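Got your viewer open? Let's walk through a few spots together, selecting one piece after another.

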Amino acid sequence: MGNGEYMGQLDRFWFKGLDFLGSRYSILGGAMTWISNHTLVSALSRAGGFGVLAGGSLSPEALRTEIKLTQKTVEGNPFGVNLIVFHPQIDALIQVCIEMGVTHVFLGGGMPSQPIIDTLHQYNIRVIGFAPSALLARRMVRMGVDALIIEGHEAGGHVGPISTHVLAQEILPIVDVPVFVAGGIGDGRSIMTYLLMGASGCQLGTRFVCASESCAHDAFKQAFIRAAARDATLSPQLDPAFPIIPVRGLENEGKKRFMAYQAEVIAAYKRNECSKEKAQMDIEMFWAGALRRAVMDGDVANGSVMAGQSVGMVTKIEPCYSIVHSLVTQALDHLQGLQHHFSQDVVAPAPEKPACVLVR
Ligand SMILES: Cc1cc2nc3c(=O)[nH]c(=O)nc-3n(C[C@H](O)[C@H](O)[C@H](O)COP(=O)(O)O)c2cc1C
């Protein structure tokens, strides 16, 4: 990357993140089920970022194969594995990570248990938790996680209720482990802003979906390229008595049918044709297999097209290298712009004008 003087300064801003991840840049490619396989993860890490394999929907054997293929192609660069804590085979998946010498494990889907954290630590594996609130951030740090991802409401996929910017303001000043900010980031200027606030780096998902190395179906990528920020909406919940886990994705026929389906199931429950538990389960199962249908089969009309609000900043298919390069260049431009701004402010006032003192 050019601009050596500013690169050195940027490195000082995200030093904690570089040290923790071992990558050239403190930019993580967040795990995306069906998309973050060895091809994308290797390309991301070779480009200087930090790729994370999505292990949430894999069997232990499939995870072993993905790790092996990543290790073969990543040219010695670091990468991590994302696991979902409520996966029925979580212990076996952790065992695979241990056996394969994985260095960083990201635990999503809720609070990780103490035995899981302790087991990973026994093998010197760095543990990263997801904190959707300041309360949970504090709790996870007390349990011993080595770093946090704070992911806001703007992100693609399953989201919490709090915006990224509010999470950053609440959490960055109170924890001393490295914190990586995620959700709604599509431009390096935003990365620089979070670094100035005290983040150790940032995680992006949506921005990497259209990487040339991403295996997502071309129809899925084209839907991203066409979409604007306002198209990435939450899955609609019809009745608070039947809560759903909010998922952010592109508007399509599937989402409209989901509303009608919830109405049908709730009406059946009200007519005493099924129990509340069965109705809740039926609603939850509506989307089973829907992400795979969109990502792998290209059915973007009926499947789940998970996407964050930064989708409007995805404008073309391009290699990971050029995405990472433009993010870092934008971060450097922002840093350079700030420095020009501040040095101009301290220039002495013109003699014919009354002297004024700028207080910062
Ligand atoms: C298509 C898609 C699938 C995702 N799948 C997962 C997942 O399996 N596990 C996970 O922890 N996060 C998942 N995420 C969240 C990303 O890892 C990342 O944190 C998020 O995309 C960051 O916000 P952004 O989309 O605004 O960049 C997914 C996001 C997208 C867009």
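At roughly what angle do the axes of helix 4 and helix 5 cross? Select residues 60-73 for helix 4 and residues 90-99 for helix 5: their axes cross at roughly 25° and come within 9 Å. Keep in mind that you're looking at a predicted model. Angles under 35 degrees count as roughly parallel, so helix 4 and helix 5 are roughly parallel to each other. The crossing here is right-handed.

Now show the side chains where these two helices touch. On helix 4, pick Pro-60, Leu-63 and Arg-64; on helix 5, pick Ala-92, Leu-93 and Val-96. This contact between helix 4 and helix 5 has five nonpolar residues, one charged and no polar ones.

Next, keep helix 4 and add helix 3, residues 38-46. The axes of helix 3 and helix 4 also come within 9 Å, crossing at roughly 35°, and this crossing is right-handed. Highlight His-38, Val-41 and Ser-42 on helix 3, which meet Glu-66, Leu-69, Thr-70 and Thr-73 on helix 4. What's the mix in this contact of helix 3 with helix 4? Two of its residues are nonpolar, four are polar and one is charged.

Last stop: a sheet. Three strands make an open, antiparallel sheet in the order 7-11-10. Select 157-158 for strand 7 and 232-234 for strand 10: these stand at the edges with a single partner strand each, so one side of each has no neighbour in the sheet. Then add strand 11, residues 247-250, which pairs with strand 10 in the antiparallel sense over three bridges. To zoom in on a bridge, click Leu-234 and its partner in strand 11, Arg-248.

Notes. Residues numbered from 1 in each chain as written. Predicted model: local features only at pLDDT ≥ 70, side-chain atom pairs only at ≥ 80, totals over all residues. Axes fitted to C-alpha atoms, helices over the stretch in contact; angles between N-to-C directions. Helix = DSSP H or I, 4+ residues; strand = E, 2+ residues; numbered from the N terminus. Parallel < 35°, antiparallel > 145°, perpendicular 65-115°, else oblique. Left-handed = near helix turned anticlockwise from the far one by under 90°. Contact = placed C-beta atoms within 7 Å. Nonpolar A, V, L, I, M, F, W, Y, C, P; charged D, E, K, R; others polar. Pairing = 2+ DSSP bridges.
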